[in-house]
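Reader: Could you take me through one part of this model at close range, residue by residue? I'd enjoy a connected account that I can follow in my viewer.

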Amino acid sequence: MENIQDTFDPKPRKFIIWLFVVSSTIMFGGFTSYYLVFSASKGKGHGLILPDAFIYSTVVIVVSSITLMLASRAAKKLNYSSQKLLLWLTVTLAIVFGVMQFKAWGSMVATGATLVGNNAAISFIYVVSGIHLLHIIAGVGLIFNALAGSYKQISPAKRNYRMEIASIFWHFIDILWIYLYVFLLLNR
């Protein structure tokens, strides 16, 4: 009987990640299109000065993409101790990103800009940043999967595959956040 471990084919799983990336892109594209149509019909945007925590979280998520890229390079060079350290650093930065998002929401609430209010454009900020944060949580799950692979005695090909899946998704949500942040800045 053939061993299941020997028949590992990463293509279907990688296709699923790309399908999720494409569907998420379409979803956030729909959100931002709705926002443009909504604000055009009202003649105004959200009118807020975005909290500084959004700027800081943007820097944090960019740095986390760099640490993940370095972890991938370490894995390809079979330097698993560096890979583990960089993956833990990426997870830590992801947590910092989440905390910064909550701080930004707290700053907005403190100014009277709440999720439920008379300005749907402000609610939009909470919705897109909240759904993005859910994507961050999913990305952390994929990073933990890569991290678990770095501790297991599995082939370098499987370790690199786990890193590749985590990287595809993580870099996507990094780019997505930059897009959302710039979109919100430009459409006040």
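Author: Q83 counts as buried because its relative accessibility is 0% (buried means under 20% relative accessible area, exposed over 50% and partly exposed in between, with a 1.4 Å probe and protein chains only). Before we go on, please keep in mind that this is a predicted model, where local features need pLDDT of at least 70, side-chain atom pairs count only at pLDDT 80 or more, and totals for chains, interfaces and linings use all residues. Residues are numbered from 1 along each chain as its sequence is written, and side-chain values use heavy atoms, with hydrogens and water left out.

Q83 sits in helix α3 (helices are DSSP runs of H or I with at least four residues, strands are runs of E with at least two, and both are numbered from the N terminus). Setting aside neighbours within four places in sequence, Q83 is in contact with A71, A74, A75, A146, S150 and M163 (contact means heavy atoms within 4.5 Å).

Let's cross to helix α2, where L68 is found. L68 is buried because its relative accessible area is 0%. Not counting residues up to four places away in sequence, L68 touches L87, T90, I143, M163, A166, S167 and W170. If you select F28 as well, you will find its C-alpha atom 24 Å from that of L68, with their positions 40 residues apart along the chain.

A little further along, S72 belongs to helix α2, which spans residues 52–76. S72 counts as buried because its relative accessibility is 12%. Not counting residues up to four places away, S72 touches M163 and S167. With S167 there is also a side-chain polar contact of 3.1 Å (a pair of N or O atoms within 3.5 Å; within protein, one must be able to donate a hydrogen and the other to accept it, and residues adjacent in sequence count only if both atoms are side-chain atoms).

How do the helices around these residues lie against each other? The axes of α2 and α3, the latter covering residues 80–110, come within 8 Å and cross at roughly 165° (axes are lines fitted to C-alpha atoms, for helices over the stretch in contact, and angles run from 0 to 180 degrees between N-to-C directions). The two helices α2 and α3 are therefore roughly antiparallel (angles over 145 degrees count this way, those under 35 as roughly parallel, 65 to 115 as roughly perpendicular and the rest as oblique). The crossing of α2 and α3 is left-handed (the near helix is turned anticlockwise from the far one by less than a right angle; clockwise would be right-handed). Between α2 and α3 lies the loop that holds L78. Have a look at its backbone: L78 has a positive phi of about 60° although it is not a glycine.

On to α5, which packs with α2 at an angle of about 160°, the axes being 10 Å apart. That angle makes α2 roughly antiparallel to α5. The α2 and α5 crossing is left-handed. For a residue of α5 to centre on, try W177. W177 is buried, because its relative accessible area is 0%. Leaving aside neighbours within four places, its contacts are F54, S57, T58, I61, F97, Q101, S129 and H132. From W177 to R188, 11 residues on in sequence, the C-alpha distance is 17 Å.

Side chains of opposite charge can pair when their charged atoms come close. The structure holds one salt bridge (a side-chain nitrogen of Lys or Arg within 4 Å of a carboxyl oxygen of Asp or Glu). Its partners are K14 and E164, at 2.7 Å from N to O. The pair links distant parts of the chain, 150 residues apart: K14 in helix α1 (residues 11–42) and E164 in helix α5 (residues 156–186). K14 counts as partly exposed because its relative accessibility is 24%, and E164 counts as partly exposed at 33%.

Finally, zoom out to the chain. The protein chain has five helices and zero strands, and its pattern along the sequence is α-α-α-α-α. Buried residues make up 45% of the 188 residues. Of the contacts with a separation of 6 or more, 81% come from residues 24 or more positions apart. The C-alpha atoms fill a box of roughly 65 × 30 × 20 Å along the principal axes.
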